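Q: I have a complex open in my viewer and would like to learn how to read it feature by feature. Could we go through it together?

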Amino acid sequence: MIALLVRDMRLAIRAGGGFGLGLAFFLIVSTLVPFGVGPEAAILSRIAPGILWVGALLACLLSLDRIFQLDFEDGSLDLLATAPIPMEGTVAIKALAHWLVTGLPLTLAAPAFGALMNLQSPGHYWIFVTLLIGTPALSMIGAFGAALTVGLKRGGLLLSLLVLPLYIPTLIFGAEAATRGTAGLSALTPLLMMAGITAGSIALLPFAAAAALRINLR
Amino acid sequence: MEMKVENLSVARGGVPVLEGVNFTLSAGHVLILRGPNGSGKTTLLRTLAGLQPPIAGQVSADPEHITYGAHADGLKATLTVEENLRFWASVHGIGRIDAAVEGFNLTGLTHRPAGNLSAGQKRRLGLARLLVTGRPIWLLDEPTVSLDAASVGLFADAVRAHVAGGGAALIATHIDLGLKADTFDIGPFRANGERATSSQQRDRYADFDEAFS
C-alpha cells in the first residue's frame with residue numbers, strides 16, 4: 001500500500017501530474033476576490049474565511065477526476081483490482097495521495113493567501129485548523145464521486161455535480177468555524193461537526209467507492 | 001493449484017456471450033484460447049480474473065493465484081521502466097525485478113520513462129509485470145500484439161519457464177507461439193443469438209458484434 005502511495009505522489013509531482021494546479025487556482029481566487037469586492041478592509045476581512053474555504057473547495061474539485069480516470073484508461077485499475085491490495089485500501093490510499101498533493105498544500109498556503117484578503121490575526125490560525133480537519137473529507141468524498149464516474153468519457157462535469165452537494169455540509173461547518181474563530185467566538189460546535197463529517201467519510205466512503213469501482217470495471 | 005471452470009456463463013453489458021464453458025487448467029499446462037474477434041475471449045478472461053461476476057457456473061481458483069494480462073499494459077508514461085516494474089513487484093510483495101528485466105530484454109531500458117518506449121517495448125514491459133506478480137495462473141489476452149518475432153520468442157520462453165516451475169497459463173491468441181499446449185476453442189459455447197427473442201435484443205447483439213469486431 002505504501003508503494004501505491006509513493007507511486008501516486010510521484011505521478012502527481014512529475015510533469016503533467018497536475019500538482020500545483022489546485023494551488024495556482026486557489027492563489028488566483030484569493031488574488032481576484034479583493035479586486036472584485038473592492039479595497040474596503042473591513043468587508044474583506046469579514047468575508048475572508050468564507051472565500052478561502054470556497055476557494056480551497058473549488059481547487060480541490062479541479063483534480064478529482066484524475067484520482068481514478070488515468071488508472072482506468074491505461075489499465076492499471078484492472079491490475080490493481082486483481083492485486084493483493086483490497087479495493088477499499090486502494091481507494092483510501094488514492095484519496096490520501098490526493099489529499100497530500102492537493103488538500104495539504106492548500107491548508108499550508110491558506111494562512112498566507114489570507115493576507116491578501118486582510119484576514120485578521122487569529123484568523124490565520126483558524127483557517128489553517130479548519131482546512132486541516134476539513135480537506136481530508138473533501139478528498140475522500142471526491143474519491144467516491146470519482147469512483148462513481150470513472151468509466152465515463154468527460155465525466156468531470158457529472159463528477160462536479162455529484163460531489164458538490166456532498167461538499168456543502170463540510171463547507172458550511174468549516175467556513176462557520178473559521179468565521180467564528182476569527183471573530184473571537186467559540187467555534188467548537190461547528191468544528192466538531194466538521195470533524196465528525198471527516199471521520200465518517202473516511203470510515204464509510206472507501207467501502208462505497210470500492211463497490212462503485214467494482215461495478216464500473218465490469 | 002488448479003483452475004476448474006464448470007458450466008460457466010459470462011455476459012458483457014448484460015448480454016450473454018458464452019454459456020456452459022467447462023475446462024480444467026492444471027499446473028504445468030498451457031491452454032490456448034481460440035475464437036474469432038468478438039466471440040467473448042476477453043469477457044471470459046475478465047470473468048476468470050474476478051473483474052466481473054459470471055451469470056452462472058463457477059470458477060474454482062483462488063483469486064490470489066491469478067494474474068491478468070490485459071490489452072492495456074497498465075504502464076505510467078512518466079515513471080521509468082524500473083519504477084513501473086518495482087511498483088507492481090512491491091504491490092505483490094516481491095523484492096527483486098532482475099529476472100523480469102532480463103527475461104524480457106529490458107536491461108538497457110531500465111532508466112527510460114515508459115512513455116518513451118516503442119509499442120513493442122511497452123508490451124515487453126507489460127509482460128515483464130507478470131513475472132513480478134509471483135502468481136501461478138496467468139490469464140493473458142493477446143499478449144503478442146505489437147511484438148516482433150524475437151520478442152515473441154522471449155515471451156514463449158517466459159511461459160515455458162513459468163509452466164516448468166509449476167505455473168499455468170491461459171492465453172488468448174491468434175498466432176502460433178510454438179508452445180506445447182492444448183487448444184480450447186470457445187466457438188461451441190457461444191451464446192446463441194437466436195435466444196434473443198425481441199428485435200431490440202437482436203439489435204443489441206449486432207451492436208455488440210460491431211463494437212468488438
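Q: In the hairpin of strand 1 and strand 2 of chain B, which residue takes a positive phi?
A: Happy to start there, with the reminder that this is a predicted model. Two residues lie between the strands of this hairpin, and Gly13(B) has a positive phi near 60 degrees.

Q: How many bridges join strand 1 of chain B to strand 2 of chain B, and how do the strands run?
A: There are eight bridges, and the two strands run antiparallel. To find your place in the ladder, look at Val10(B), whose bridge partner in strand 2 of chain B is Leu18(B).

Q: And how many bridges join strand 1 of chain B to strand 4 of chain B?
A: Four, and this pair is antiparallel too. Strand 1 covers residues 2-12. Two places to check are Ser9(B), which stands opposite Ala56(B), and Val5(B), which has Val59(B) as its bridge partner. As a general idea to carry along a strand, side chains alternate between the two faces of the sheet when the strand is regular.

Q: In what order do the three strands of this chain B sheet lie?
A: The order is 2-1-4, in an open sheet with antiparallel pairing. Strand 2 (15-26) and strand 4 (56-60) of chain B each have a single partner strand, so they form the edges and one side of each has no neighbour in the sheet. From one strand to the next, the twist averages 20 degrees.

Q: Which helix packs on that sheet?
A: Helix 1 of chain B, residues 41-48, touches strand 1, strand 2 and strand 4 of chain B. Its direction makes about 125 degrees with that of strand 1 of chain B.

Q: What pattern does chain B follow along the sequence?
A: Chain B has six helices and eight strands, and they come in the pattern β-β-β-α-β-β-α-α-α-β-α-β-β-α. Of the contacts in chain B between residues at least 6 apart in sequence, 75% join residues at least 24 apart. Buried residues account for 41% of the 213 residues in chain B.

Q: Which residues have the most contacts inside the largest nonpolar core?
A: The general idea first: in soluble globular proteins, nonpolar side chains tend to be buried together. Here the largest nonpolar core has 124 residues, and Ala56(A), Ala147(A) and Leu139(B) have the most contacts inside it. Leaving aside neighbours within four places in sequence, Ala147(A) is in contact with Phe68(A), Val91(A), Ala209(A), Ala212(A) and Leu213(A).

Q: Which residues of chain A does the UniProt annotation "transmembrane region" cover?
A: According to that unreviewed entry, the annotation covers 12-37, 43-64, 96-119, 125-150, 157-175 and 187-213 of chain A. In the model, residues 125-150 of chain A are 92% helix and 0% strand, with end C-alpha atoms 37 Å apart. Residues 187-213 of chain A are 96% helix and 0% strand, and their end C-alpha atoms also lie 37 Å apart.

Q: How many residues of chain A are in contact with chain B?
A: 21 residues of chain A are in contact with 21 residues of chain B. On the chain A side, helix 1 (2-13) and helix 5 (76-81) each give two or more residues. Helix 1 of chain A gives the most, with five residues.

Q: What ipTM and pTM does the predictor give the complex, and where in chain B is the pLDDT below 50?
A: The complex has an ipTM of 0.85 and a pTM of 0.88. Chain B averages a pLDDT of 86, and 90% of the residues score at least 70. The pLDDT is below 50 over residues 194-198 of chain B, a stretch with three contacts in the model beyond near neighbours in sequence. Where pLDDT is low, the predicted coordinates should not be read in detail.

Conventions: Residues are numbered from 1 along each chain as its sequence is written. Chains are lettered from A and ligands numbered from 1 in the order in which they are written. This is a predicted model: local features need pLDDT of at least 70, side-chain atom pairs count only at pLDDT 80 or more; totals for chains, interfaces and linings use all residues. A residue is buried if 20 or more other C-beta atoms lie within 10 Å of its own, exposed if 12 or fewer, and partly exposed in between; C-beta atoms are placed from the backbone. Two residues are in contact if their C-beta atoms, placed from the backbone, lie within 7 Å. pLDDT is the predictor's confidence in each residue, from 0 to 100. UniProt positions are given in the numbering used here, feature names are shortened, and annotations may be inferred rather than shown by experiment. Two strands pair if DSSP finds at least two bridges between them. Axes are lines fitted to C-alpha atoms, for helices over the stretch in contact, and angles run from 0 to 180 degrees between N-to-C directions. A nonpolar core is a set of buried Ala, Val, Leu, Ile, Met, Phe, Trp, Tyr and Cys residues joined through C-beta atoms within 7 Å.
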